[in-house]
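Welcome! Here are some exercises to work through with the model open beside you. Try each task before reading its solution.

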Amino acid sequence: MESGTSSPRGPEQQSGYSSLIDNYGRPINYLRLAITDRCNLRCRYCMPEEGVASIAHEQTLSYEELERLVRLFQGLGINKVRITGGEPFVRRGCYEFIRTLKQKLGVEQVYVTTNGVETYRYLEGLKSIGISGINLSLDTLDKNRFIEITRRDQLDRVLLTFYRSFELGIPLKINSVVMEDTGNDEIAALVELVRERKISLRFIERMPFSGGSLAQQESQQSLRERLQGMFPELQEYTSGVAGTAREFKLPGFAGTVGVIEGRSRKFCATCNKVRITPEGMLKACLYDDGVLDLRELLRSGVKDEELADSIRTCLNHRYADGHETEALHCRMSEPSMASIGG
C-alpha cells in the first residue's frame with residue numbers, strides 16, 4: 001500500500017488539517033514511529049548475526065523533529081501512536097519522549113513495541129503516565145532456543161518485563177514469530193501464558209525482513225491451519241476493531257490467541273496505519289521503499305501546511321495491498337525489520 005499510480009476512487013480533495021483518507025477509502029488514524037534502528041538482540045528473522053550497518057546519529061530524526069511530526073499527524077486525524085525500533089529503549093530519552101506524547105501532546109493512545117530486555121526499568125513510569133499498552137516480542141519460553149533465535153542470553157530479563165507488566169495491569173500483547181523450525185511444544189507453552197491471564201498472544205508468520213538474502217517461501221500449511229490442528233476448539237471471533245491479527249478464543253482460557261498472516265496479508269483491506277522510519281522516511285506500506293522523505297522536508301524549513309499537503313498527496317496514491325506493493329519493488333535482498341520499524 002504504497003505511493004503509486006493506482007487510484008480507483010480517490011476521496012474528495014481536502015484542505016487544511018482534515019483527516020487522512022487514502023484512495024481506497026481507508027481512514028488513516030494510526031502512526032508507527034520508529035525512533036531508532038539499533039537493537040540489543042540479533043533475532044535471526046530480523047537481521048544477520050553481525051547486525052546491519054547503523055544509521056548515523058545525525059541521520060536519525062531528533063526528538064524535536066519527532067514531536068513536530070506527531071503534532072502534525074494529530075492535526076491530520078492520527079489518535080494512535082506506537083513507538084518502535086529497532087528496540088526503542090536502547091535510545092536514550094525514549095521514556096521521556098513517550099511521556100511527552102502523553103502529557104504534553106495529549107496523544108489519545110500511545111503504545112510501545114519492545115523486546116523487553118531493558119523495559120522492566122520503565123514499567124512503573126509507563127503505568128503512571130497511562131501507556132495504552134505494550135507489545136512484547138517473545139518467540140519461545142525455552143532458554144536455549146531463545147539464545148538460538150536471538151543470539152543473546154536475555155530470556156530472564158524479557159520474562160521479568162512480561163510478569164511485571166501483567167502485575168501492574170498494563171494491557172499486554174505477546175508477539176511471537178513462528179519459523180520453519182518452531183516446534184509445537186514451543187507454541188503450546190506460549191499458549192499456556194493466556195490460560196489464566198487476560199492478554200493477547202499473536203503468532204506471526206515469518207515476513208521477508210531478515211536483512212539478508214531473500215528467504216525461500218516455505219511451502220507448508222498455513223499457520224492458522226497448524227494452530228487449528230493443535231487446538232481443535234479454537235473459535236474465531238471479531239473484536240470490531242481494525243487490526244492485523246485474526247483473533248481466536250479457547251474455551252476456558254482468559255486470554256486470546258491471534259494469527260498475523262504475513263504471507264497472505266489479508267489485513268491490507270482495512271489497513272489504517274502509516275510508518276515513519278528512524279531516518280524519517282514515510283512508508284505507506286511495510287513493503288514499499290518509502291514514499292516521502294520527511295527528514296529532508298523538515299530540515300529544509302518547510303511549513304506545516306506544505307508538509308501536510310505532501311503527506312496527504314502520497315496517501316492518496318496508495319497501492320491496494322502488500323502483494324501489489326512488493327511486486328513493484330523487486331529486491332535482491334531483504335531489508336532488516338530493525339531499519340523499518342515494523
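## Exercise 1: Two helices that meet

Asn184, Ile187 and Ala188 of helix α6 meet Arg226, Leu227 and Met230 of helix α7. Keep in mind throughout that this is a predicted model.

**Task.** Find at what angle α6 and α7 pack, and how far apart their axes are.

**Solution.**
- Step 1. Locate the two helices: α6 covers residues 184-192 and α7 covers residues 223-230.
- Step 2. Recall that two packed helices are described by the angle between their axes and the distance between the axes.
- Step 3. Here the angle is about 75° and the axes are 11 Å apart.
- Step 4. Angles from 65 to 115 degrees count as roughly perpendicular, so α6 is roughly perpendicular to α7.
- Step 5. Sort the residues of this contact by type: 4 are nonpolar, 1 is polar and 1 is charged.

## Exercise 2: The whole chain

**Task.** Work out how many helices and strands the protein chain has, and what percentage of its residues count as buried.

**Solution.**
- Step 1. Count the elements: the protein chain has 11 helices and 14 strands.
- Step 2. Turn to burial: 54% of the 342 residues count as buried.
- Step 3. Now look at how the chain folds back on itself. Taking contacts between residues at least 6 apart in sequence, 75% join residues at least 24 apart.

## Exercise 3: The largest nonpolar core

**Task.** Identify which residues touch the most other members of the largest nonpolar core.

**Solution.**
- Step 1. The core has 86 residues, and Phe73, Ile98, Phe203 and Ile311 touch the most other members.
- Step 2. Ask which element gives the largest share of this core: helix α1 (residues 63-75) does, with 6 residues.
- Step 3. Zoom in on Ile98. Beyond its neighbours within four places in sequence, Ile98 contacts Ile83, Phe89, Val110, Val112, Leu126, Ile129 and Ile131.

## Exercise 4: A buried glycine

**Task.** Decide whether Gly258 is buried or exposed, and find what it touches.

**Solution.**
- Step 1. Gly258 sits in strand β11, which spans residues 256-260.
- Step 2. Its relative accessible area is 0%, so Gly258 is buried.
- Step 3. Setting aside residues within four places in sequence, Gly258 is in contact with Leu201, Arg202, Phe203, Arg246 and Glu247.
- Step 4. Take Arg202 from that list. Arg202 and Gly258 are 56 residues apart along the chain, yet their C-alpha atoms are separated by 4.2 Å.

## Exercise 5: Two neighbours in helix α3

**Task.** Compare the burial of Leu123 with that of Glu124.

**Solution.**
- Step 1. Leu123 is in helix α3, and Glu124 is also found there, within residues 123-129.
- Step 2. Leu123 is buried, at a relative accessible area of 0%, whereas Glu124 is partly exposed, at 39%.
- Step 3. List the contacts, leaving out residues up to four places away in sequence. Leu123 touches Ile134, Thr161, Arg164, Ser165, Leu168 and Ile170, while Glu124 touches Arg164 and Leu168.
- Step 4. Check the C-alpha separations from Arg164: 7.6 Å for Leu123 and 9.1 Å for Glu124.

## Exercise 6: Backbone surprises and cysteines

**Task.** Find which peptide bond is cis from Gly85, which phi sign Arg151 has, and how many disulfides a search finds.

**Solution.**
- Step 1. The bond from Gly85 to Gly86 is cis, with omega near 20°. Gly86 belongs to the loop between β4 (80-84) and α2 (94-104).
- Step 2. Arg151 is not a glycine, but has a positive phi of about 65°. Arg151 lies in the loop between α4 (143-150) and α5 (155-168), and is partly exposed, with a relative accessible area of 24%.
- Step 3. Searching the whole structure gives 0 disulfides. Cys271 is buried, at a relative accessible area of 9%, and Cys314 is buried, at 9%.

Key: Residues are numbered from 1 along each chain as its sequence is written. This is a predicted model: local features need pLDDT of at least 70, side-chain atom pairs count only at pLDDT 80 or more; totals for chains, interfaces and linings use all residues. Side-chain values use heavy atoms; hydrogens and water are left out. A nonpolar core is a set of buried Ala, Val, Leu, Ile, Met, Phe, Trp, Tyr and Cys residues joined through side-chain atoms within 4.5 Å. Buried means under 20% relative accessible area, exposed over 50%, partly exposed in between (1.4 Å probe, protein chains only). Helices (H or I, at least four residues) and strands (E, at least two) are DSSP runs, numbered from the N terminus. Contact means heavy atoms within 4.5 Å. Axes are lines fitted to C-alpha atoms, for helices over the stretch in contact, and angles run from 0 to 180 degrees between N-to-C directions. Angles under 35 degrees count as roughly parallel, over 145 as roughly antiparallel, 65 to 115 as roughly perpendicular and the rest as oblique. Ala, Val, Leu, Ile, Met, Phe, Trp, Tyr, Cys and Pro count as nonpolar, Asp, Glu, Lys and Arg as charged, and the others, Gly among them, as polar. A disulfide is a pair of cysteine sulfur atoms within 2.5 Å.
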